[in-house]
Amino acid sequence: YLFPQTLLNPLYFPLKPLFRTHKPHCTVSSKNPIADFFPANKPDPEPSFIPSFTDDDKPREECGVVGIFGDPEASRLCYLALHALQHRGQEGAGIVAVNNNVLQSITGVGLVSDVFNETKLSQLPGEMAIGHVRYSTAGSSMLKNVQPFVAGYRFGSVGVAHNGNLVNYRTLRASLEDNGSIFNTSSDTEVVLHLIAISKARPFFLRIVDACEKLEGAYSMVFVTEDKLVAVRDPYGFRPLVMGRRTNGAVVFASETCALDLIEATYEREVNPGEVLVVDKKDGVQSLCLLPHPEPKQCIFEHIYFALPNSVVFGRSVYESRHVFGEILATEAPVDCDVVIAVPDSGVVAALGYAAKAGVPFQQGLIRSHYVGRTFIEPSQKIRDFGVKLKLSPVRGVLEGKRVVVVDDSIVRGTTSSKIVRLIKEAGAKEVHMRIASPPIIGSCYYGVDTPSAEELISNRMSVEEIREFIGCDSLAFLPFDSLQKMLASDSQKFCYACFSGKYPVMPKEVKVKKVGDFLDDGLNGPMDSIDGGWVRGPKNIDGEKEIDPLYQQSKI
């Protein structure tokens, strides 16, 4: 490679894929994008429409990434791996493949199966590919923010897929724009591409190192160039990233091991926190650089909620972790009951652990519909708890006349939990006892998880007894924080508990976007300053005593 010592400003990255598979659902181009999206005389979407039927009272992992090197069907394998990671993001998907030194990209809005078909995959030949699935709470104008991104500059092209969140994004972007950089998206990932392009380091992987040294926050990324696949994980290792290998020698990187399993790749190891792995034909896999890294702070919510139970995350079985969480709850918060049920699907394994330890039968008291679409029209005659009833159906034969323990993974706002309790009682349950397989969530996440601001978190505003009264159950218990740490034993210090403690390993220096699907990150156009009503300022002290939010939701949608 030949790399420039300087680059002409302004920088311009044409982040448009070579193949467009979907047109944006709407175009917003005013100076006040939120006003256009929700006009002043109609502050909310049409009330007869329910915009989303995901678990709206759960934290949301925002991304899943895949990288494959050395397989003639790289894009197809990437497609399958993204299927396995679909739980990490359902609003957008994309693949970039390399063929004859050309990076070709297809991205689209929707599920992986909505975006790709045989015709589109045939347009992505080559032995190297990266892929991405993305979560967002709104999908109206987000196509241009669907990854992977492809950037072209004087000395080549680079594609990137990113899982995480940069806490110094605005500072970096402002600095780049002051020097003439032009941004084509509102994603923090584009900052990484600009930093790579202006770096004077050589060879290419050192440009990535140089760029990453300026980043603060969470990032697990895969990059692709004309002849290299690069994987990098932030120094704290907030978000997971694993490496595996297929029998033909192809190297695979993915957010979870469940993606390796589907494409018959053998799990080898994690990408270590602060590690940069470079794969090419000449040298194979090389760990060419380790960024300076402190003690790891891996996201504990991967084991509580995000990851699939059949994955191994941070070297631990997710299934085994959740089973033990349930056992701890049965030991430390026992209650006389007749049956144990789960809030599907994420509460099932913890419920099995609770039932086994308590010696009480586990049964399916709630049946989840897997066929609920993205938008439903509610009848004019309002149906109470309409959204929950579409997703969950109680089994009267299991619940009627019974003392029921309901195991769920977490409580965020408490709104869904109250509806579930009411649903179970309406089905005839004599008593409803909620057991939550995580400690109370009191802090918002700044490392790539879509959580509400602290003021919206019910555990940050109420005591356990007050929450119990709010959701209407007969008893309520959370997984004790001390017991969680004790269960993790020697690995305890390697996890991030900011959402439970308010103590942030990397202090958020800036504001974060919430509501309307993260205004900026959904591709709404307009100057940064025009959306300050949607930003939430980060906490100001590391002890977690209080999150000061002077900008908190000046415009609540």
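Here are three short exercises on the side chains of this structure, each with a worked solution.

Before you start, note that this is a predicted model, where local features need pLDDT of at least 70, side-chain atom pairs count only at pLDDT 80 or more, and totals for chains, interfaces and linings use all residues. Residues are numbered from 1 along each chain as its sequence is written, and side-chain values use heavy atoms, with hydrogens and water left out.

**Exercise 1: the core**

Find which residues touch the most other members of the largest nonpolar core, and work out where this core lies relative to domain 1 and domain 2.

Step 1. Get the term straight: a nonpolar core is a set of buried Ala, Val, Leu, Ile, Met, Phe, Trp, Tyr and Cys residues joined through side-chain atoms within 4.5 Å. Buried means under 20% relative accessible area, exposed means over 50%, and partly exposed is in between (1.4 Å probe, protein chains only).

Step 2. The largest core has 47 residues, and the ones touching the most other members are Ile-300, Phe-301, Val-340, Tyr-447, Leu-484 and Phe-500.

Step 3. Helix α10 gives the largest share, five residues. (Helices are DSSP runs of H or I, at least four residues; strands are runs of E, at least two; both are numbered from the N terminus.)

Step 4. Domain 1 (60-294) and domain 2 (318-370 + 381-494) both contribute residues, so the core lies between them. Those bounds come from an automatic or database domain assignment.

**Exercise 2: a ring pair**

Decide how the rings of Tyr-446 and Tyr-504 are arranged.

Step 1. Rings of Phe, Tyr and Trp (its six-membered ring) pair if their centres lie within 6.5 Å; planes under 30 degrees apart are stacked, over 60 edge-to-face, and the rest tilted.

Step 2. Here the centres are 5.4 Å apart and the planes make 80 degrees, which is edge-to-face.

Step 3. Now look along the chain: Tyr-446 is in the loop between β25 and β26, Tyr-504 in the loop between α18 and β29, and 58 residues separate them. Both tyrosines are buried.

**Exercise 3: a salt bridge**

What are the closest N and O atoms of Glu-177 and Arg-173 doing, and how far apart are they?

Step 1. A salt bridge needs a side-chain nitrogen of Lys or Arg within 4 Å of a carboxyl oxygen of Asp or Glu.

Step 2. Glu-177 and Arg-173 form one, with those atoms 3.1 Å apart.

Step 3. The two are four residues apart in helix α5, so about one helical turn separates them.

Step 4. Check the surroundings: Glu-177 is partly exposed at 35%, while Arg-173 is buried at 10%.
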